[in-house]
Every structure is written in structure tokens, then in C-alpha cells.
Amino acid sequence: MIGEDFNRRTALNLMGLGLAGAASGALAQAPGRKLGYAIVGLGGYATRQIMPQFRNCRSSRLVALVSGTPEKLARYGDEYGIPKTHRYSYANYDRIRDNPDIDIVYVVLPNNMHAEYSIRASQAGKHVMCEKPMAVSAAECEAMIAAAKRANRKLMIGYRSRFEPHNVLAIQLARQAHVGRTRIVTAEHGFNAQPNQWRLDKALAGGGSLMDIGIYSLNAARYLTGEEPVSVTAVESTDKSDPRFRTVEDQINFMLRFPSGAIADCVSSYSSNHNRYRVVGTDGWIDLEPATSYEGQRMRIRKDGKEAVRDVPPGPVNQFVGQLDHLSECALTGRQPIVAGEEGLADLRLIEAIYRSAREGRQIKLA
Ligand code: NAD
């Protein structure tokens, strides 16, 4: 599921030629053209991480907002100079169809709303960026992919780490066997979840730590190996007397076996802090900590018996800008995003297998 032209673009990235668009020549075809984004859901991630980044984009601009809270529409609409005609509620959301300024809809809602709002955006003729996890079931992901295909529009998932230079380099080094053939990937992601939030309500979140943060361990295991697992084994540990975990899991550890024989040993937690991964090859290891945070990534490599911090050039744009512009440039050129809907679907299928393995206490073989 990794994009075919990934290696070529990775190499170009590392040469400092830009994270996505420069490699495609998209801007040469459409000088000065910026695609218009509508943001759906004005919560923490949208307002603090995504919206401030549009000013740094070269192929994307913020043109519309969708929210169920009129005060937020007014506040952020004024702050970002969004005209009243381009501010929508959930009730009149489908009218985005009639707004030619909106090219792309970015769904940043609780997980159980991703499928509905993505599908309605596709039906309105818009390209879609949807946050991770893509949806709360593989069946929903399939419906989203079908809707985007029917509309002949792009569908991309917000896997921002694929645009972060340390991760891009780690993928390249691991796949080129820089530390030998990959035998083990360890990946740990977790945080101590605050009580009383939608993430702890299964109806809204679809699951617990795995849906929200463990998905980074899962996705990294797949992008570092470049393989799809053939089996999964999982063990859950949740203190059901903790009021945070009435409906969702806390800790769930899972092991993936890949066709090459490599094994990924993964941690997902809502009660302890983790953000790292390590690729262990036959001749050494590549370690990122933090690995998938918003900033501050640090890479260490052990090779030929020597251990050193690897300096990674920051790249021309950060991961958020890289992600936003990648979809715009794919929409302009017709290319498939490197993290299209199929990537999100692959993760959701595995998440379902991980839950099943933990529930049934056995290894699940994957087709
Ligand atoms: P948040 O709670 O801060 O925001 C959620 C937004 O949805 C709010 O504006 C809220 O008003 C709105 N909403 C609409 N209906 C709701 C309902 N029934 N219950 C609760 N909120 C409702 O959450 P967030 O952290 O911004 O997460 C939103 C999405 O973004 C999630 O899917 C999450 O996984 C994803 N996310 C991704 C990253 C990343 O790094 N890629 C980081 C954080 C969040």
C-alpha cells in the first residue's frame, strides 16, 4: 500500500527539493494556484495544529469552516478572514457542494463521524482529507473509498509522519537495509489519558488507546518494513475499575509477523507515556525518540559497533504543510496520495484483527 513513487520522492525530499509538490512538478502546471480547504470540526487539533499552517502552504489555503458551535465559527472565521458565506453548520454542511472555492474537505471530528462527513464531502464533489483513525471499522473505510471513487475525487488520511523528515529518512534507511536486514521493529506509543473526553467513549472513538495512539505504532511497523503482516497476536491489560476505561481499552500490546520474517513488537497505552520506535537489523539499529510527535524528533543509529545521533535536515516545510500540500498537488496532478484511503483501511483491518486476537486469546492469521 506504500505509494509506488515513494522512493523517488523520498530521495528528492532528502536532496532538499521539497516534500511533495516540487517532485511532481505540480506547481509548474498550475502556477500560483492554491486549492481551498474547508475544515470540519474546530477542536484542538484543527485549531492549534492545522489551521495556523495554511499561511506556510504554497498549494493550499483555508477558505471555509464547518462547526456545530456558532461562537467558534464566529471567532475562527474572524481570525482567519473567512467570509460569512463560507461558514457552515452541520445542518447546512451539504451546501458546500455549491461553493466552488472549496476543493478539499478536511474532517477533524471524533472518529465515529469520520465516515459520514467524508462520504458527504465526496458526494458534494470535493476531495477529502480525513484524520486518523480513518473510521471506526473497516466496513466504514470501504464505504469511504467507494464514495470517493464514485465521485472521482481523492481521499487521503492524515498520516502526517509520512511527511516528517526523520520518519522519511528512517523509512528509506530501513528499506535500503542500512543496518542490515530488518529483523525486529519495536514501536511504542502512549500517554496518560485525561478523564471525561470523547476518546474514552467507545461509541465516539470506536475503541481505546489503539484507535487513537497505538495506531502510530501499527502504521510505523508497516511503513518501516514496507510489508503487510501475515499474522497478529495481541494482549490487553485494562483496569476496569478505573472510571476512564469503562468502555475502551487502556493498554494493548501486539505483535505482527511479516512475510520477510521480520517481527514488530508494538505498545499502545492510555496510562503511560511512550513515543518511540526502533528498527533492529542484522548489523545495528535505527532509533527515533520522539518518533511521531508534532516536533523534536531525534534519530540515533548504531552501525558497525558505533552509536551516533544522526543529524536530519529540517526539510523545506514541516510535516503539517507537507501533508496539506501533498493532497492539493495530488488533486491538481491526478496522482494518488502516498497515504490514500487504502492505507487507512489496511490499518483498520489490522486493528480489528488485533482486538479479535486479544479477545479470543489466540494468534490471528491474515489473508
Ligand atoms: P477535540 O475534542 O479537540 O475536537 C473534536 C471536535 O469535534 C470539537 O470541535 C467538537 O466540538 C467536535 N464535535 C462534534 N461532535 C462532537 C461530539 N459528539 N462529541 C465531541 N466532539 C464533537 O479532538 P481532536 O484532538 O481535535 O481530534 C479530532 C480528530 O483528529 C480525531 O479523529 C483525532 O484522532 C484526530 N487527531 C489527529 C492528530 C494527529 O496528529 N494526526 C492529533 C490529534 C487529533
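How many nonpolar, polar and charged residues are in the lining of the second largest cavity? I opened the notebook with this point, bearing in mind that the model is predicted.

**Entry 1: cavities**

I looked up the enclosed spaces and noted two cavities of 30 Å³ or more in the structure. For the second largest cavity I recorded a space of about 40 Å³. I then listed the lining of this second largest cavity: Y159, R160 and S161, together with Y216, N219 and Y223. Sorted by class, this lining comprises three nonpolar residues, two polar residues and one charged residue, which settles the opening question.

**Entry 2: ligand surroundings**

I turned next to the ligand and found 23 residues surrounding the ligand. The closest of these are G44, N111, R160, W198 and R199. I noted that R160 is among the closest residues to the ligand and is also one of the residues lining the second largest cavity.

**Entry 3: polar contacts of the ligand**

I looked up individual atom pairs. The side chain of E131 places an N or O atom 2.9 Å from a nitrogen atom of the ligand. At Y45, a polar backbone atom is 3.0 Å from an oxygen atom of the ligand. For K132, I recorded a distance of 2.8 Å between a backbone N or O atom and an oxygen atom of the ligand. The protein buries 78% of the 820 Å² that the ligand exposes when taken alone.

**Entry 4: cysteines**

How many disulfides does the structure contain? I obtained a count of zero. I checked C141 and found this residue in no disulfide, the nearest cysteine sulfur being that of C130, 8.3 Å away. A disulfide requires two cysteine sulfur atoms within 2.5 Å.

Is C141 buried or exposed? I entered C141 as buried, because its relative accessibility is 0%.

I then examined C266. The closest cysteine sulfur to that of C266 belongs to C141 and is 19 Å away, so the two are too far apart for a bond. C266 also has a relative accessible area of 0% and is therefore buried.

Methods
Residues numbered from 1 in each chain as written. Predicted model: local features only at pLDDT ≥ 70, side-chain atom pairs only at ≥ 80, totals over all residues. Heavy atoms only, no water. 1 Å grid on protein atoms, 1.4 Å probe; cavity = no way out; pocket = protein on both sides within 12 Å on 5 of 7 lines; lining within 4 Å. Points joined across faces, edges and corners; volume = space filled by probe spheres on them. Nonpolar A, V, L, I, M, F, W, Y, C, P; charged D, E, K, R; others polar. Buried < 20%, exposed > 50% of the residue type's maximum accessible area, 1.4 Å probe, protein only. Near = heavy atom within 4 Å. Polar contact = N/O pair within 3.5 Å; in protein donor to acceptor, adjacent residues only side chain to side chain. Areas by Shrake-Rupley, 256 points an atom, 1.4 Å probe, with all protein chains shown as cover.
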